Amino acid sequence: MALSQGWMKRYFKAFCKGFFVAVPVAVTFLDRVACVARVEGASMQPSLNPGGSQSSDVVLLNHWKVRNFEVQRGDIVSLVSPKNPEQKIIKRVIALEGDIVKTMGHKNRYVKVPRGHIWVEGDHHGHSFDSNSFGPVSLGLLHGHATHILWPPERWQKLESVLPPERLPIQSEEDCLHGSP
């Protein structure tokens, strides 16, 4: 009986040591490197949730890439909603700081994205609560860069950073630096 209790004690001790190492490592990984998230709603159709309400894509969010606010036009990003800090939203980056964007329903027809901000929109314009509603978004609200669809299995794929041609900025800082109109 004593031998059995000694084995249980060692097992429990080893389990606790492993647990107290694994949990902080897992939490740090999920907070700083990557996590998965379920996408709800129709705002990113057809890129995400093309099946409508009967399906929800699960995406991989890379936190590491956005830690230095390294985003490009066309990236699909997760961010804290500027209207509800308890909610995270997923949108496509349309314009970067310094870009002039032609809006779709915003109070101003054209907006120059201020320093430290981006312009984000959903792919399904009629069903998206995005920068056209709340304006440019602070880079500090970035949460992650969606890189892959993980679920459902038939939709496994890498998400490409593609900007629809009709959503190209009217003028960007690069245009100004290179002398383009």
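Where in the chain is the place of Asn49? Select Asn49 and you will land in the loop between E1 and E2. Keep in mind along the way that this is a predicted model.

**Stop 1: the loop between E1 and E2**

With Asn49 still selected, look at its backbone: phi is positive, about 55°, although this residue is not a glycine. Asn49 is also buried, having a relative accessible area of 1%. Now select Pro46, which sits in the loop between strand E1 (34-38) and strand E2 (58-62). The peptide bond leading from Gln45 into Pro46 is cis, and its omega is near 5°.

**Stop 2: helix H2 and the loop after it**

Move on to His63, which lies in helix H2. His63 is buried, with a relative accessible area of 7%. Show its side chain together with the backbone of His143: the backbone oxygen of His143 is 2.6 Å from a polar atom of the His63 side chain.

Next, select Phe69, in the loop between helix H2 (63-66) and E3. Here is another residue with a positive phi, about 60°, although Phe69 is not a glycine. Is Phe69 buried or exposed? Phe69 is partly exposed, as its relative accessible area is 43%.

**Stop 3: the nonpolar cores**

In soluble globular proteins, nonpolar side chains tend to be buried together. To view the largest nonpolar core, start with Val71, Val77, Ile118, Val120 and Leu142; of the 13 residues in this core, these touch the most other members. Then colour strand E3 (76-80), strand E4 (88-95) and strand E7 (117-121), each of which supplies at least two residues of the core.

Centre the view on Val77. Leaving aside residues up to four places away in sequence, Val77 touches Val71, Ile89, Ile90, Lys91, Val93, Val120, Leu142, Gly144, His145 and Ala146. Another core, of eleven residues, lies apart from the largest one, and Val39, Met44, Leu61 and Ala146 are among its members.

**Stop 4: Val101 in strand E5**

Select Val101, placed in strand E5 (residues 100-102). With 0% relative accessibility, Val101 counts as buried. Which residues does Val101 touch, not counting those up to four places away in sequence? They are Ile94, Ala95, Arg109, Tyr110, Val111, Trp119, Arg167 and Ile170. Put a distance label between the C-alpha atoms of Val101 and Val111: the two residues are ten apart in sequence and 5.4 Å apart in space.

**Stop 5: salt bridges**

Side chains of opposite charge can pair when their charged atoms come close. A search of the whole structure finds six salt bridges, and three of the pairs are described here.

- Select Glu40 and Arg38. They form a salt bridge whose closest N and O atoms are 2.5 Å apart. Both Glu40 and Arg38 are exposed.
- Select Arg73 and Asp99. Their side chains meet in a salt bridge, at 2.7 Å from N to O. This pair links distant parts of the chain, 26 residues apart: Arg73 is in the loop between H2 and E3, and Asp99 is in the loop between E4 and E5. Arg73 is partly exposed, with a relative accessible area of 22%, whereas Asp99 counts as buried at 1% relative accessibility.
- Select Arg167 and Glu121. The N to O distance in this salt bridge between side chains is 2.6 Å. Arg167 lies in the loop between E10 and helix H4 (173-178) and Glu121 in strand E7, so the pair ties together parts that are 46 residues apart in sequence. Arg167 counts as buried, at 6% relative accessibility, and Glu121 is buried with a relative accessible area of 0%. You have met Arg167 already: Val101 touches it.

**Stop 6: out to the surface**

Switch to a surface view and select Val36, Leu150, Trp151 and Trp156. Together they make a nonpolar surface patch of about 470 Å². Trp151 belongs to strand E9 (residues 142-151). Return to the backbone and follow the peptide bond from Trp151 to Pro152, which is cis, with omega near 0°. Pro152 is in the loop between E9 and strand E10 (157-158), and the tour stops there.

Notes
Residues numbered from 1 in each chain as written. Predicted model: local features only at pLDDT ≥ 70, side-chain atom pairs only at ≥ 80, totals over all residues. Heavy atoms only, no water. Core = buried A, V, L, I, M, F, W, Y, C linked by side-chain atoms within 4.5 Å. Buried < 20%, exposed > 50% of the residue type's maximum accessible area, 1.4 Å probe, protein only. Helix = DSSP H or I, 4+ residues; strand = E, 2+ residues; numbered from the N terminus. Contact = heavy atoms within 4.5 Å. Patch = residues over 30% accessible without salt bridge, like charges linked within 9 Å, V, L, I, M, F, W, Y side chains within 5 Å. Areas by Shrake-Rupley, 256 points an atom, 1.4 Å probe, with all protein chains shown as cover. Salt bridge = Lys/Arg side-chain N within 4 Å of Asp/Glu carboxyl O. Polar contact = N/O pair within 3.5 Å; in protein donor to acceptor, adjacent residues only side chain to side chain.
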